[in-house]
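The following explanation is intended for a reader who meets this structure for the first time. Please keep the sequence and the three-dimensional view at hand while reading.

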Amino acid sequence: MLLHRATVRDLDRLTARVFDSATRTSGARLDAYRIDDTFHIDIDLPGVDPAGIDITVDNKVLTVRAERKRVEGDNVRYLVAERPVGSVGRQVFLSDTLDTDRLDARYENGVLTLSIPVREKAPARKIELAA
């Protein structure tokens, strides 16, 4: 059983949560990087059911949505509830050079990893002007 009484540590936690949420971008945190000819995006989604993750690409805008749920029931009584719950999401604007038709998504250890191949650049071509 956890004991709870107001302490300076509680004030520190509250202050950290307020400032953390004020300085964060809205939504899930991510890393984006390129390895050779593949662009990768790692999105932190701890505690999310993989079946409930929604990934869409529309006009080069990648959207990821998910929902974190809390354990509920008649016998559940929370003593501490610090983990965030509810909808979480993130949008990323993608380059035209990415082949979103071959996007691969994997979820492991609370991290969603999206891998998108980079298309080869089309060679420049000269356009003849009709007179």
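Which side chain is joined to that of His40 by a polar contact of 3.0 Å? In this predicted model, the partner is the side chain of Ser115. His40 itself is found in strand 2, which covers residues 38–44. The residue counts as buried because its relative accessible area is 13%, under the 20% limit for that class. When neighbours within four places in sequence are left aside, His40 is in contact with Asp31, Ala32, Tyr33, Ile35, Leu114 and Ser115. Ser115 thus appears both in this list of contacts and as the partner in the polar contact.

The view may now be widened to the whole chain. It has one helix and seven strands, and the order of the elements from the N terminus on is α-β-β-β-β-β-β-β. The chain comprises 131 residues, of which 21% count as buried. Its exposed area is about 10700 Å², and carbon and sulfur atoms supply 50% of that area. Among contacts between residues at least 6 apart in sequence, 50% join residues at least 24 apart.

Strand 4 offers a suitable path through the model. This strand is largely enclosed by the rest of the structure, because six of its eight residues are buried. Strand 4 runs antiparallel to strand 3 (residues 54–58), and five bridges join the two. Strand 4 also runs antiparallel to strand 5, here with eight bridges. Leu62 can be followed across both pairings: Leu62 in strand 4 is the bridge partner of Val57, while the bridge partner of Leu62 in strand 5 is Val92.

What surrounds Thr63, beyond the residues up to four places away in sequence? Thr63, which also lies in strand 4, touches Asp54, Ile55, Thr56, Arg90 and Gln91. With Gln91 there is a polar contact between side chains, at 3.1 Å. Arg90 stands 27 residues from Thr63 in sequence, yet the two C-alpha atoms are 5.8 Å apart in space. Thr63 has a relative accessible area of 8% and is therefore classed as buried, since the class requires a value under 20%.

The hairpin of strand 3 and strand 4 has two residues between the strands, and Asn59 takes a positive phi near 50° there. Is Asn59, in the loop between these strands, buried or exposed? Asn59 counts as exposed because its relative accessibility is 71%, and the class begins over 50%. From Asn59 to Asp96 the separation is 37 residues in sequence and 9.5 Å between C-alpha atoms.

A further loop lies between strand 4 (61–68) and strand 5 (86–93), and Val71 is found in it. Val71 has a relative accessible area of 59% and is therefore exposed. Together with Val76 and Tyr78, Val71 forms a nonpolar patch on the surface, and the accessible area of these residues together is about 270 Å².

The path along strand 4 can be summarised briefly. The strand is joined by bridges to strand 3 and to strand 5. Thr63 within strand 4 is buried, whereas Asn59, in the loop between strand 3 and strand 4, is exposed. Val71, in the loop between strand 4 and strand 5, is exposed as well.

Notes: Residues are numbered from 1 along each chain as its sequence is written. This is a predicted model: local features need pLDDT of at least 70, side-chain atom pairs count only at pLDDT 80 or more; totals for chains, interfaces and linings use all residues. Side-chain values use heavy atoms; hydrogens and water are left out. Patches are made of residues with over 30% relative accessible area and no salt bridge: like charges are joined within 9 Å, nonpolar side chains (Val, Leu, Ile, Met, Phe, Trp, Tyr) within 5 Å. Accessible areas come from the Shrake-Rupley method with a 1.4 Å probe; for residues, only the protein chains shown count as cover. A salt bridge is a side-chain nitrogen of Lys or Arg within 4 Å of a carboxyl oxygen of Asp or Glu. Helices (H or I, at least four residues) and strands (E, at least two) are DSSP runs, numbered from the N terminus. Buried means under 20% relative accessible area, exposed over 50%, partly exposed in between (1.4 Å probe, protein chains only). Contact means heavy atoms within 4.5 Å. A polar contact is a pair of N or O atoms within 3.5 Å; within protein, one must be able to donate a hydrogen and the other to accept it, and residues adjacent in sequence count only if both atoms are side-chain atoms. Two strands pair if DSSP finds at least two bridges between them.
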